[in-house]
Amino acid sequence: MGKKKGGNKNKLAKMSEEERARYLQHRADMEEEARRRKQQLIATFMKNKLKREDAFARLNLAKINQEWRSILRNIKCKELKEEVEAVEKTCTECIENKNAVIKRLLCDLDESEDLYSTMLHAHMERVEKIIRIHNDRVNFLMQLYELDKKEIIENYEREMDLYKSKKFELQKDLECVFYGLAEKARTDRIRNEEEHMLKKDELKNSVSNRVRFIGPSNGGTEGGDRVPG
């Protein structure tokens, strides 16, 4: 380096001001270009490194999320398993309680059925006894009814015979009365007709006498008086 710097100094010393200025400008441009390239390389390196870091970060985040989900899934499975075990235990207890209730109810049902059978047997015996009593009563009433009916029919036949005999006698009496009344009516009609004829003859005679009495004093009747027949 020292040798190069010394060479540069000798070279600069040999150059003119214009050449030195161009040389310095050229060198500054080269340094600027080198610095710009270095910055570009650094920027590219940092950009690539950031991309790799971003990819690693996403991968790590995915792994973390997957692991976290796995942990949560395990916790949830454990909780669900505990809940299922608790529900199973509760269901088992409920089933046992219900089975106990069913057994007790079956025992009560058997006892009730025995009691019902006993009461039904006693009830049927009582009903059969009542039916026998009522059958005997009905038979007795039927016999009594037949006797009463026979007696009523016999009384009715006797009364009908008596009624028919009385009816025949009364009919004969009524016929006699009818014939008597008819004969009386005929004789009354004949007597009334005879009385009417007598009154009619008397009226004719009286009218005739009156006409004869009035005739000589009035010089006779004009046109003649009509004598009612």
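Trainee: In this predicted model, is Glu146 buried, partly exposed or exposed?

Mentor: Start with the relative accessibility of Glu146, which is 37%. Buried means under 20%, and exposed means over 50%. The value for Glu146 lies in between, so the class is partly exposed.

Trainee: Which residue meets Glu146 in a salt bridge?

Mentor: Look for a nitrogen of Lys or Arg within 4 Å of a carboxyl oxygen of Glu146. The N to O distance for this pair is 3.5 Å. The partner's relative accessible area is 33%, so the partner is partly exposed. The partner is Lys149.

Trainee: How many residues apart are Glu146 and Lys149?

Mentor: Both residues lie in helix 2. Their separation is about one turn of that helix. In residues, the count is three.

Trainee: Which residues are joined into one network by salt bridges that share partners?

Mentor: Begin with one pair, Arg37 and Glu33, which form a salt bridge. Shared partners extend the picture to one more residue, Arg36. The network is Glu33, Arg36 and Arg37.

Trainee: How far apart are the closest N and O atoms of Arg37 and Glu33?

Mentor: Helix 2 sets the scene: the two residues are four residues apart there, so they are separated by about one helical turn. Side chains of opposite charge can pair when their charged atoms come close. For Arg37 and Glu33, the closest N and O atoms are apart by 3.2 Å.

Trainee: Is Arg37 buried or exposed?

Mentor: The cut-off for exposed is over 50%. Arg37 has a relative accessible area of 52%. Its bridge partner Glu33, at 28%, counts as partly exposed. Arg37 passes the cut-off, so the class is exposed.

Trainee: Which residue forms a salt bridge with Glu32?

Mentor: The partner sits three residues away in helix 2, so about one helical turn separates the two. The closest N and O atoms are 2.1 Å apart. Glu32 is partly exposed at 40%, and the partner is partly exposed at 40%. The partner is Arg35.

Trainee: How many salt bridges does the count give?

Mentor: The rule asks for a side-chain nitrogen of Lys or Arg within 4 Å of a carboxyl oxygen of Asp or Glu. Glu32 with Arg35 is one of the pairs. By this rule, the count is eight.

Trainee: Which residues gather in a patch of negative charge on the surface?

Mentor: Take Glu79, which lies in helix 2, residues 17–218. Patch residues need over 30% relative accessible area and no salt bridge. Glu79 is partly exposed at 39%, so the area cut-off is met. The patch is Glu79, Glu82, Glu83, Glu85 and Glu88.

Conventions. Residues are numbered from 1 along each chain as its sequence is written. This is a predicted model: local features need pLDDT of at least 70, side-chain atom pairs count only at pLDDT 80 or more; totals for chains, interfaces and linings use all residues. Side-chain values use heavy atoms; hydrogens and water are left out. Patches are made of residues with over 30% relative accessible area and no salt bridge: like charges are joined within 9 Å, nonpolar side chains (Val, Leu, Ile, Met, Phe, Trp, Tyr) within 5 Å. Accessible areas come from the Shrake-Rupley method with a 1.4 Å probe; for residues, only the protein chains shown count as cover. Lys and Arg count as positive and Asp and Glu as negative; His and the chain ends are not counted. The place of a charge is taken as NZ of Lys, CZ of Arg, CG of Asp or CD of Glu. Buried means under 20% relative accessible area, exposed over 50%, partly exposed in between (1.4 Å probe, protein chains only).
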